[in-house]
Amino acid sequence: MSSISPSIAFTAPHHEATKAGQAILEQGGTAIEAMVAAAATIAVVYPHMNGLGGDGFWLISEPGKAPIGIDASGKAAQLATLDFFQGDDAIPARGGKATVTMAGAVAGWQKALDISAFWQAPKSLSELLQNAIDHAENGIEITESLQAASQKVHNDLASLPGFVQFLDQGETLTHGNRLTLSTLAQTLKHLAEIGLDDFYHGTVAEKLAADLEAAGSPIRLADFHDYRAEQVTPLSVETGVGKLYNLPAPTQGIASLIILALYDRIHQLGDGGETDMAHLLIEATKQAFIARNEYVTDPARLSVELQELLSDESLASMADKITIDQAQVWPHPAKHGDTIWMGCCDSEGRMVSYIQSLYWEFGSGIVSPSTGIVWNNRGSSFSLEKGHLQELKPNLKPFHTLNPAFAELNDGRRISYGTMGGEGQPQTQAALFSRYVYHKQPLAQSIAAGRWLLGRTWGDVSHNLKVESDFAAEAAETLIARGHDLVAVPACNELMGHAGAVVLFPEGNTDAATDPRSDGLAVSSASYSG
């Protein structure tokens, strides 16, 4: 049992981020302020997963009000044209030419803090960023996750400009050793003193623009000046258990909502057990991904209103294609990416679901030498094919796997939940939500229990159905008999993402849980779990 105040909760996939957010909540800060503090800290302590040079998406909920969203994802640079990539078959995933899109995360922090300032007198940026600064200056402990990422990317990234800060005398990082990020610490100090807008209109912008151009990027200072994070209206769907929310295009939030909306319609086809639940969610996932791949793109070039895909008629048509005894043939094209998800609730019942990302591990691999900031490679999701749904064009946004989730249940519970894991994000969201809400399992168990993944996720190339061995022992025989192309993977596998959730009950108490697959920590008025 923790000693923190009633009704506050925080969960993150790294314990230091949770502690940063918890400290702000305990000092009377808002859920948004706590999330910004944690977002800055996790950018330091989990640098392979996210950073200031990446993107962010917010779902913010005040009691009694409809949730609002913030799209803090980057758009393609003015010079990011098909001509810029002439001679390339695809946009490179690593290196200077992979740095195609602006970084929106920091603008998103400010956009959210502007909302927080309407709630109550704001805390200073120095207070919010101090924890991150301390970690960058004093060094972070290298986690197993960071070591694994270092080993995976070494051959591709070790020679790139600035990446030396993530090497140990030219070699890969070692779990348990410490990593100091002094240049990033100085940048964070500067932003804390001058303001976050300096990232786009000040000294930091000038340094980043010069470093990116020198690395071969199409991004220029004008792209920093032109960038704005945007407040957006979330997509939503009414189900038998409550109203679910997620982000609109360019995210795959629509896929997450379709899966759960379909499961709400078809879950009674199963016997109530885990195997039937998994089968039906997998089949719902296929329908959701087919729709997602056909329609989701930059909001300016959508051919349909995504909310229409959640209509009764649309969902009924998809549900009709699902049976309990036969799997649909797969695969369809898969998406992937790395990220972190965090959730929180403050003492006034205001809740946040937030996701922050560089896309692949260490993003493009380009580290700005003058700022210590790692730049994303989200632009590699664009296509160089003319007429393609994701065709590269200046000022447009690529497809995003990122999608923070939120739910308001009929019984009064409000849930902030999400995960990292690219293609796995909608699937893991569906698994934890279904276990917790439909099958009434404890929150921590709903996250920790064996999971599955259809298609490709971060660091993977195969498209089959991967099932953790503890769950495979129970379900594999039946799933294979129904036609699933299944392969077992080790239990408690980071491949399945880092999930988490925060629940606020109508009585005012909270519960929070984090994923044993991560280095996370969850704190709440009811629990304290690592």
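Visitor: In this predicted model, is Ser 314 buried or exposed?

Guide: Ser 314 counts as buried because its relative accessible area is 17%, and the class requires a value under 20%. The residue belongs to helix 12, which spans residues 312-319.

Visitor: Which residues does Ser 314 touch, not counting those up to four places away in sequence?

Guide: The contacts of Ser 314 on that count are Glu 308 and Leu 309.

Visitor: Let us turn to the sheets. How do strands of a sheet pair?

Guide: The general idea is that strands of a sheet are paired through backbone hydrogen bonds, in a parallel or an antiparallel arrangement. In this structure, one open sheet has six strands with antiparallel pairing, in the order 7-8-11-12-16-17. Its edges are strand 7 (235-238) and strand 17 (510-514), each of which pairs on one side only. On average, neighbouring strands of this sheet are turned by 15° against each other, direction ignored.

Visitor: How many bridges does strand 7 share with strand 8?

Guide: Four bridges link strand 7 with strand 8 (residues 242-246), in the antiparallel sense. The two strands form a hairpin, with three residues between them. As an example of the register, Glu 238 has Lys 243 of strand 8 as its bridge partner.

Visitor: What joins strand 8 to strand 11?

Guide: Strand 8 and strand 11 run antiparallel and are joined by four bridges. Here Gly 242 stands opposite Leu 409 of strand 11. As for burial, four of the five residues of strand 8 are buried, and the strand is mostly covered.

Visitor: Which helix lies across strand 7, strand 8 and strand 12?

Guide: That element is helix 10 (residues 253-266). Its direction is at about 160° to that of strand 8.

Visitor: Strand 12 has now been named. How many of its residues are buried?

Guide: Six of the six residues of strand 12 are buried. Arg 414, Ser 416 and Gly 418 point one way, while Ile 415, Tyr 417 and Thr 419 point the other way. The residues on both sides are all buried.

Visitor: How does strand 12 pair with strand 11 and with strand 16?

Guide: With strand 11 (residues 405-409), strand 12 pairs in the antiparallel sense over four bridges, and Phe 406 has Ser 416 as its bridge partner. The hairpin of strand 11 and strand 12 has four residues between the strands, and Gly 412 there takes a positive phi near 100°. With strand 16 (residues 499-504), strand 12 pairs in the antiparallel sense over six bridges. In that pairing, Thr 419 stands opposite Ala 499.

Visitor: Within strand 16, why does Ala 501 count as buried?

Guide: Ala 501, a residue of strand 16, counts as buried because its relative accessibility is 0%. Leaving aside neighbours within four places in sequence, its contacts include Thr 11, Trp 341, Leu 432, Leu 443 and Ile 447. Ser 416 and Tyr 417 are also in contact with Ala 501, as are Asp 511, Ala 512 and Ala 513.

Visitor: What separates the C-alpha atoms of Ala 501 and Ala 9?

Guide: These C-alpha atoms are 9.7 Å from each other, although the two residues are 492 residues apart along the chain.

Visitor: What is the strand order in the sheet of three strands?

Guide: This open sheet has the order 13-14-15 and mixed pairing. Strand 13 (452-454) and strand 15 (486-489) are the edges, each pairing on one side only. From one strand to the next, the twist averages 20°. Strand 13 and strand 14 (residues 465-468) run antiparallel and are joined by three bridges; the bridge partner of Leu 454 in strand 14 is Leu 465.

Visitor: Which helices pack on this sheet?

Guide: Helix 11 (residues 274-295) touches strand 13 and strand 14, and its direction makes about 30° with that of strand 13. Helix 15 (residues 469-481) touches strand 13, strand 14 and strand 15, and its direction makes about 135° with that of strand 14.

Visitor: Finally, how many cavities of 30 Å³ or more are found in the whole structure?

Guide: The search finds four. The largest cavity holds about 60 Å³ of space. Its lining has seven nonpolar, four polar and no charged residues, among them Ala 43, Pro 47, Asn 50, Gln 165, Phe 166 and Val 374.

Terms used
Residues numbered from 1 in each chain as written. Predicted model: local features only at pLDDT ≥ 70, side-chain atom pairs only at ≥ 80, totals over all residues. Heavy atoms only, no water. Buried < 20%, exposed > 50% of the residue type's maximum accessible area, 1.4 Å probe, protein only. Contact = heavy atoms within 4.5 Å. Pairing = 2+ DSSP bridges. Axes fitted to C-alpha atoms, helices over the stretch in contact; angles between N-to-C directions. 1 Å grid on protein atoms, 1.4 Å probe; cavity = no way out; pocket = protein on both sides within 12 Å on 5 of 7 lines; lining within 4 Å. Points joined across faces, edges and corners; volume = space filled by probe spheres on them. Nonpolar A, V, L, I, M, F, W, Y, C, P; charged D, E, K, R; others polar.
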